[in-house]
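Hi everyone, thanks for coming. I'd like to walk you through a structure that may be new to you, so please have a look at it on the screen.

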Amino acid sequence: MTAATPRPPFKLGFLTHAFGDNSQQVYQDLLEQFDVAEALGFDGGWIAQHHLSNGFGRLPSPLLALAAVAERTRHIELGTAVTVLPFEDPIRLAEDASVLDQLSAGRVQLGLGSGGANLDSFSAFERDAGQRQQRFAEDQQQLQALLNGQALRTDSPLTLQPPAPGLAKRLWHSHGSVEGARYAASQGNGLLLGTATHDPLTVQKPLADAYLDAWNHPNSKPRIGVVRAVFPAADRATAQAELAVDIERHVPRLQREGLIDQASDLQEHLHLLNVHHGHPDEVLHSLRNDPSLLPYADYLIVVVQAESSTQAQVLQRLRIIAQEIAPALGWQPRSTQSQATVG
């Protein structure tokens with residue numbers, strides 16, 4: 001099975017890394033982002049997990065934050081992109097996710113990763129980074145079995161409490177290899193694409209094709225979530241001015257990953273980091289020409305916040321995407337009463 005044509009309507013979500021120096025303010029801003037996104041009709045909000053991070057990401061416990069979101073929202077889905085599974089106890093993760101799913105009336109989307117972007121943290125958790133793929137598979141299968149209502153062990157009647165009917169069908173994997181994409185398909189789970197610096201044509205498209213080709217579950221459909229940095233502004237120059245300082249912070253990572261030998265110009269860095277930016281018409285053109293987006297995306301998950309973005313900029317970008325960009329790509333917003341009150 002290979003994607004050849006667009007498959008709208010897709011779901012629309014946003015992803016936050018919870019940037020900022022003041023954690024209390026970061027969390028208040030995050031709650032407001034979910035409020036505004038729900039009012040705009042976004043289908044979901046997703047939180048990235050960062051452990052022992054000094055400023056880059058302020059949320060080591062996304063499910064705890066999403067419980068606060070669940071209390072003040074009614075419709076928006078609550079996602080993790082991703083929970084680093086090798087750092088978790090799969091039984092406790094299943095319990096926490098199940099409680100959140102009950103509190104939110106079945107809105108959890110649980111994204112899982114093996115920790116490839118968190119290699120520096122493995123020693124802190126006394127984990128072997130070299131075994132992370134094996135540990136991911138073992139823990140994911142136990143987690144999924146528990147969510148499906150299976151007994152903890154063959155010699156024990158214990159099962160997950162509270163039960164989480166349906167949550168096992170809302171699991172997602174983030175993988176950077178063809179083998180990983182096929183594994184996600186074999187488990188009947190969704191595939192998340194979009195790690196910055198992974199080229200959409202030469203890396204992400206083969207992953208999506210491999211996932212779809214490997215799907216063999218006649219009673220369910222494959223699910224691909226595509227994460228994209230989307231920064232609309234009055235024009236391209238304005239967008240680049242807003243992003244310049246933050247993009248330059250990523251130059252050392254581009255060098256470490258062998259994508260550049262030395263610092264280049266801003267536009268080249270934006271290209272390597274897959275940042276769609278500029279006037280909404282320019283963003284639309286860029287997204288339509290992304291080779292691993294519209295032909296594949298069941299869920300478009302936008303990143304609209306850089307390290308130094310203000311809350312006003314974040315909320316304005318969410319509005320532009322929901323009101324101008326996503327509908328032009330085929331998205332159909334979820335109708336809510338509060339939508340009419342959003343400016």
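Let's start with a pair of charged side chains: Asp209 and Lys205 form a salt bridge, at 3.2 Å from N to O. Do keep in mind as we go that this is a predicted model.

Where do these two residues sit? Both belong to helix α6, which covers residues 200–214. They are four residues apart there, about one turn of the helix. Are they buried or exposed? Asp209 is buried, with a relative accessible area of 15%, while Lys205 is partly exposed at 27%. The cut-off for buried is under 20%, so Asp209 falls within it and Lys205 does not.

Some salt bridges share partners, and in this way Arg92, Glu95 and Asp96 are joined into one network. Let me pick out one link from it. The side chains of Arg92 and Glu95 make a salt bridge, with N and O 2.9 Å apart. Both residues are in helix α3, residues 90–103. Because they are three residues apart in that helix, about one helical turn separates them. Arg92 is partly exposed, with 43% relative accessibility, and Glu95 is partly exposed as well, at 28%.

Please stay with helix α3 for a moment, as there is another pair to show you. Asp101 has a salt bridge with Arg170, and their closest N and O atoms are 2.8 Å apart. How many residues lie between the two positions, counted along the chain? They are 69 residues apart, so to speak a link between distant parts of the chain. Asp101 is in helix α3, whereas Arg170 is in the loop between α4 (132–147) and β5 (171–174). Here both partners are buried: Asp101 has a relative accessible area of 6%, and Arg170 has 14%. In total, the structure holds 11 salt bridges.

Now let's step back and take in the whole chain. Its secondary structure consists of 11 helices and nine strands. Along the principal axes, the C-alpha atoms fill a box of roughly 65 × 50 × 45 Å. What radius of gyration would a compact globule of 343 residues have? The answer is near 20 Å, and the protein chain has 19 Å, which agrees.

Buried residues account for 53% of the 343 residues. Of the contacts with a separation of 6 or more, 74% are between residues 24 or more positions apart. On the outside, the chain exposes about 15,400 Å², and carbon and sulfur atoms supply 50% of that area. As for charge, there are 26 positive and 37 negative side chains, and the centres of the two sets lie 5 Å apart.

Let me finish with one residue that has no part in those charged pairs on my list: Phe14, in strand β1, residues 11–16. Phe14 counts as buried, at 1% relative accessibility. What does Phe14 touch? Leaving aside residues up to four places away in sequence, its contacts include Phe34, Phe42, Trp46 and Ile76, and also Ile301, Val302 and Leu318. And to tie this back to where we began, take Leu201: Phe14 and Leu201 are 187 residues apart in sequence, and their C-alpha atoms are 22 Å apart in space.

Thanks for listening, and I'm happy to go back to any of these spots on the screen.

Key:
Residues numbered from 1 in each chain as written. Predicted model: local features only at pLDDT ≥ 70, side-chain atom pairs only at ≥ 80, totals over all residues. Heavy atoms only, no water. Salt bridge = Lys/Arg side-chain N within 4 Å of Asp/Glu carboxyl O. Buried < 20%, exposed > 50% of the residue type's maximum accessible area, 1.4 Å probe, protein only. Rg over C-alpha atoms; globule rule 2.2 N^0.38 Å. Contact = heavy atoms within 4.5 Å. Areas by Shrake-Rupley, 256 points an atom, 1.4 Å probe, with all protein chains shown as cover. Lys, Arg positive; Asp, Glu negative; His and termini not counted. Charge placed at Lys NZ, Arg CZ, Asp CG, Glu CD.
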